[in-house]
Amino acid sequence: LCCFSSCSSWLPQRVPLRGSHWQSSLLEFRTSLPVRAQPKKKKKVDVKKEQAQKERMKKKLKKLEKAAPELIPIEDFITPLKYTENNRVRSLPALSPEESERRVLLLKKWCLFKQKQDEAEKKAIKALVESQQEALRELQLESEELYQAAILRDEGLFPFEREGPSYTPPLPGYDPPEGKCIDVTKVYTQ
Amino acid sequence: SAAARRPWRLFGAMCLLRLPRITQPLEKEEEEVAALMEQIELERSLYSDHEMRKLEEEEQLKKKMESLYDEDEAHGKTVIMAQDLEEKWEQKFLRFKAAPRITDADKSNDRTSLNRKLDSNLMLLVKQKIGNQELWLLPQVEWQPGETLRNTAERAMAMFLGDHIQAKVLGNAPYGIYKYKFPKAIRTENNVGAKVFFFKAFLQSSDLSQAELKADHLWVTKKELGDYLHSEYLKKVNRFLLD
């Protein structure tokens with residue numbers, strides 16, 4: 001700038017020199033440059049830019065939502081890595097042929113046992129149903145209104161809850177040990 | 001119901017069952033197969049963390065026995081071995097005494113108690129006067145017009161066991177029917193015989209100390225029913241009882 005060169009040679013004159021008519025005081029060099037027109041430009045362009053940005057973000061979000069949700073991994077089906085090491089293999093004596101023979105025969109006996117059990121259950125259920133049908137027929141012969149009342153659905157029957165039998169009966173006056181159960185199952189959200 | 005009066009009298013009877021509290025003993029085949037399944041599971045399994053720890057500690061112990069180096073003194077802290085843990089658990093288990101499966105009532109064959117035969121269904125039998133005979137029957141009561149047969153059966157139950165009995169009746173329909181004709185002496189045109197409709201219910205409350213038992217009663221299993229019921233009646237009842 002030319003003002004610099006003129007001010008550098010500080011002559012012992014009382015009247016300060018002004019380099020250009022934009023410079024309001026001698027000590028300030030670049031403060032009063034034209035700044036009037038810029039604020040208006042900033043607002044318009046910025047607003048438009050911001051709107052464009054928002055729309056782009058919305059489009060991206062929509063695309064992400066449309067994509068299929070990730071499947072929740074079933075933890076039971078993933079073997080943890082520590083069980084794939086070889087040193088965990090159990091060392092037991094090999095099966096003798098008599099033993100494998102015995103096993104096969106036992107499984108065949110089991111098949112027969114289960115078949116008989118199943119047939120007996122089915123027969124019992126059939127007898128039950130027949131008995132009920134006979135009772136309803138007799139009831140219908142007796143009186144129609146009682147029959148209609150009997151074939152109505154019992155609303156209070158279901159949901160039917162019952163605790164199953166245990167190996168030993170409950171011990172009277174048993175004080176179970178105190179403890180807290182902390183649930184550590186992982187919950188996945190989609 | 002303006003039709004001619006039917007010649008049969010209607011009765012509603014309730015078969016109250018106390019469900020089993022303990023599991024039934026396994027049959028011979030079941031036990032053999034259970035043992036086989038456990039053996040196969042053991043053969044196909046890998047060592048668990050506890051077993052790995054046990055094996056490592058056994059090896060360490062062997063090394064210490066063979067070469068008595070004083071590394072254990074260098075470590076300083078006492079290590080709990082897996083073997084010790086197992087023994088501790090075994091001791092704790094032996095100290096626990098479970099309730100016996102065969103109760104006192106079983107041993108004395110006290111048929112009025114509910115604590116007998118905990119592994120099978122028990123049915124209620126009461127002594128009732130029919131005609132001029134005292135018979136052991138499932139509790140029954142005559143039907144009155146204005147109530148359904150299920151209500152009749154529930155009334156029969158309440159009559160013999162008191163009002164505060166908790167039982168779940170299985171549905172509105174009867175499970176079985178027993179028809180019999182009155183002996184010729186009292187048979188009339190309008191009163192040929194009786195039809196007894198059976199309903200089934202499960203006993204919910206386990207103690208009946210609150211109940212006022214008004215007549216002689218028994219709790220019997222399906223096999224023991226034959227000791228008390230007539231053969232025709234028994235045949236009809238057996239059809240709707242699953243063992």
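A residue is called buried when its relative accessible area is under 20%, and with a relative accessible area of 4% Y233(B) therefore belongs to the buried residues. The legends below describe close-up views of a predicted model.

**View 1. The two chains differ in their secondary structure, chain A having four helices and zero strands, and chain B seven helices and eight strands.** Read along its sequence, chain A follows the pattern α-α-α-α. Of the 190 residues in chain A, 12% are buried, whereas in chain B 38% of the 243 residues count as buried. The accessible surface comes to about 18,200 Å² for chain A, with 59% of it belonging to carbon and sulfur atoms, and to about 15,200 Å² for chain B, where carbon and sulfur atoms supply 50%. Among the contacts in chain B between residues at least 6 apart in sequence, 71% join residues at least 24 apart.

**View 2. A stretch of chain A, residues 122–149, is listed by UniProt as a "coiled-coil region" in an unreviewed entry.** In the predicted model this stretch is 96% helix and 0% strand, and the C-alpha atoms at its two ends are 29 Å apart.

**View 3. The largest nonpolar core holds 30 residues.** The members that touch the most other members are F198(B), L225(B), Y233(B), V237(B), F240(B) and L241(B). Several elements of chain B each supply at least two residues of this core, among them strand 1 (8–18), strand 2 (122–130), strand 7 (193–203) and helix 7 (231–239). Apart from this core lies another one, of 25 residues, which includes M14(B), V169(B), A173(B) and I177(B).

**View 4. F240(B) has contacts in both chains.** When residues up to four places away in sequence are not counted, F240(B) touches L128(A) and S131(A) in chain A, and in chain B it touches C15(B), Y175(B), G176(B), F198(B) and K200(B).

**View 5. The rings of F198(B) and Y233(B) form an aromatic pair, with their centres 5.6 Å apart and their planes at 75 degrees.** Planes over 60 degrees apart count as edge-to-face, so the pair of F198(B) and Y233(B) is edge-to-face. The pair links distant parts of the chain, since F198(B) lies in strand 7 of chain B and Y233(B) in helix 7 of chain B, 35 residues apart. Both partners are buried, F198(B) with a relative accessible area of 0% and Y233(B) with one of 4%. A search of the whole structure finds 10 aromatic pairs over all chains, and ring pairs link Y175(B), Y178(B), Y180(B), F182(B), F198(B), Y233(B) and F240(B) into a cluster.

**View 6. Two charged side chains lie over aromatic rings, R101(B) over the ring of Y167(A) and K195(B) over the face of W8(B).** The charged end of R101(B) is 4.3 Å from the centre of the Y167(A) ring, so that this arrangement joins a residue of chain B with one of chain A. K195(B) and W8(B) both belong to chain B, and here the distance to the ring centre is 5.5 Å.

**View 7. T152(B) is a residue of helix 6 (residues 149–161) of chain B.** Its relative accessibility is 0%, so T152(B) counts as buried. Leaving aside its neighbours within four places in sequence, T152(B) is in contact with G12(B), V141(B), E142(B), W143(B) and E147(B).

Notes
Residues are numbered from 1 along each chain as its sequence is written. Chains are lettered from A and ligands numbered from 1 in the order in which they are written. This is a predicted model: local features need pLDDT of at least 70, side-chain atom pairs count only at pLDDT 80 or more; totals for chains, interfaces and linings use all residues. Side-chain values use heavy atoms; hydrogens and water are left out. Buried means under 20% relative accessible area, exposed over 50%, partly exposed in between (1.4 Å probe, protein chains only). Accessible areas come from the Shrake-Rupley method with a 1.4 Å probe; for residues, only the protein chains shown count as cover. UniProt positions are given in the numbering used here, feature names are shortened, and annotations may be inferred rather than shown by experiment. A nonpolar core is a set of buried Ala, Val, Leu, Ile, Met, Phe, Trp, Tyr and Cys residues joined through side-chain atoms within 4.5 Å. Contact means heavy atoms within 4.5 Å. Rings of Phe, Tyr and Trp (its six-membered ring) pair if their centres lie within 6.5 Å; planes under 30 degrees apart count as stacked, over 60 as edge-to-face and the rest as tilted. A charge sits over a ring if NZ of Lys or CZ of Arg is within 6 Å of the ring centre and within 35 degrees of the ring normal.
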